[in-house]
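Trainee: Please take a close look at one part of this structure, the open sheet. I would like one connected account.

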Amino acid sequence: MKSALRIKIACSHPPASRGHLSTTFIINGEIAVDAGAIASGLALREQRRIRHVLLTHAHLDHLHELPQFLDNVQTGGRSGLSIKPICLHGEAAALEPVSRHLFGGLWPDVLRPAIGFASLAAFDLRKRPALSLGGFKIRPFRTVHRVPTVGFLFERTNGSVAILADTGYREGLLDHLLGAPRLRFLAMEISYPNRLERWALDHGHLTPRQFLRLVEPLLSRRPRLQIGIHHLKPAFAAEVLREISALRSRAPGLRVLRHGDRFFFNF
Ligand SMILES: [Zn+2]
Ligand SMILES: [Zn+2]
C-alpha cells in the first residue's frame with residue numbers, strides 16, 4: 001500500500017534575522033518535529049490540525065513556541081475549547097526540564113492544571129522506542145549534543161525520511177541510516193563556519209565540512225539524496241551559506257531550507 005508523506009517547513013516568521021535558527025517540521029499536517037516555530041510559522045488552521053509534537057531535545061530554540069501554540073489550539077473553534085490534549089513525545093531527559101521550568105513557573109502547568117483540563121500529555125520516547133503515528137514507524141535515534149538529543153526516522157517498508165535537529169560530529173554517526181528503507185530526505189543542521197570547527201565540536205553542532213564527512217557514506221549510496229539544511233546561526237549565516245554552496249558539487253540534492261518549503265514523497 002502506498003501512502004504520501006508531506007513535509008512543510010516552518011521557520012520563525014518573520015525571521016528575526018537571516019539564518020532561521022528555529023525550525024519546525026510539519027509531517028502530513030498533524031505531526032510536528034520541534035516547536036520553535038510552531039505558532040509564528042503556521043496559520044491558526046494549520047496549528048489546529050497538529051495532534052503530536054516530537055521533541056528532539058530541551059533547548060529553548062526548539063520548544064519556545066509551545067505555550068503560544070497550546071494557547072492557540074486549546075481555545076477557539078466552534079465549541080470555544082478543545083479538551084483533547086496535544087501529545088508531546090520526548091525522552092524523559094527532555095520532558096523533565098519542560099515540565100519543571102517552562103510549565104512549572106514561566107507558564108501555567110498545562111500538564112497538571114489546577115483548574116480546567118490538561119492541554120498537553122507527555123509521553124516518554126524511551127518507553128516506546130518505535131512509535132507508530134499516521135501510518136509511519138517513527139524511530140528516535142541519538143545524536144551528539146550538549147544535552148540528550150534525538151533525531152527521528154519516519155519509515156514505511158519502502159521509503160523513509162530522517163529529520164535531525166542539533167547534532168555534533170561523531171564519526172559514523174549517520175551510518176545506521178544506510179540500513180533505512182530507501183532514504184528519500186534528510187534534514188540536518190549546520191550552525192557554524194568551517195573556521196569554528198573546534199567551537200562547533202565543543203558545543204555539539206556542525207560546520208559544513210563536518211556535515212559532509214557525516215553524509216558522505218549516504219551520498220555514496222544515493223548521490224542525489226535530498227538534504228535540507230537548517231539551524232544556521234544568524235551571526236554567521238552569510239559565511240556558512242557560501243561554504244554550503246561550495247558543497248553542491250558533492251551533494252547535488254543539498255539546499256538550505258526556507259520558510260514555507262514543501263516536500264512530497266510517495267512511498
Ligand atoms: Zn540544542
Ligand atoms: Zn538549536
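Mentor: Here is the sheet, after a short view of the chain around it.

This is a predicted model, where local features need pLDDT of at least 70, side-chain atom pairs count only at pLDDT 80 or more, and totals for chains, interfaces and linings use all residues. Residues are numbered from 1 along each chain as its sequence is written, while chains are lettered from A and ligands numbered from 1 in the order in which they are written.

The chain has 6 helices and 16 strands. Both are DSSP runs numbered from the N terminus: helices are H or I, at least four residues, and strands are E, at least two. The radius of gyration, taken over C-alpha atoms, is 18 Å, close to the 18 Å that the globule rule gives for 267 residues, so the chain is as compact as a globular protein of that length. That rule is 2.2 Å times the number of residues to the power 0.38.

Now the sheet. It is open and holds 7 strands, in the order 9-10-11-12-13-14-15, with mixed pairing. Two strands pair if DSSP finds at least two bridges between them. Strand 9 (131–133) and strand 15 (254–256) stand at the edges. Each has a single partner strand, so one side of each is left without a neighbour in the sheet. Neighbouring strands are turned by 20° against each other on average, direction ignored; the axes are lines fitted to C-alpha atoms.

Look at one edge. Strand 14 (residues 226–230) and strand 15 run parallel, joined by 3 bridges. Here Ile227 stands opposite Leu254 of strand 15.

Definitions and conventions
Axes are lines fitted to C-alpha atoms, for helices over the stretch in contact, and angles run from 0 to 180 degrees between N-to-C directions.
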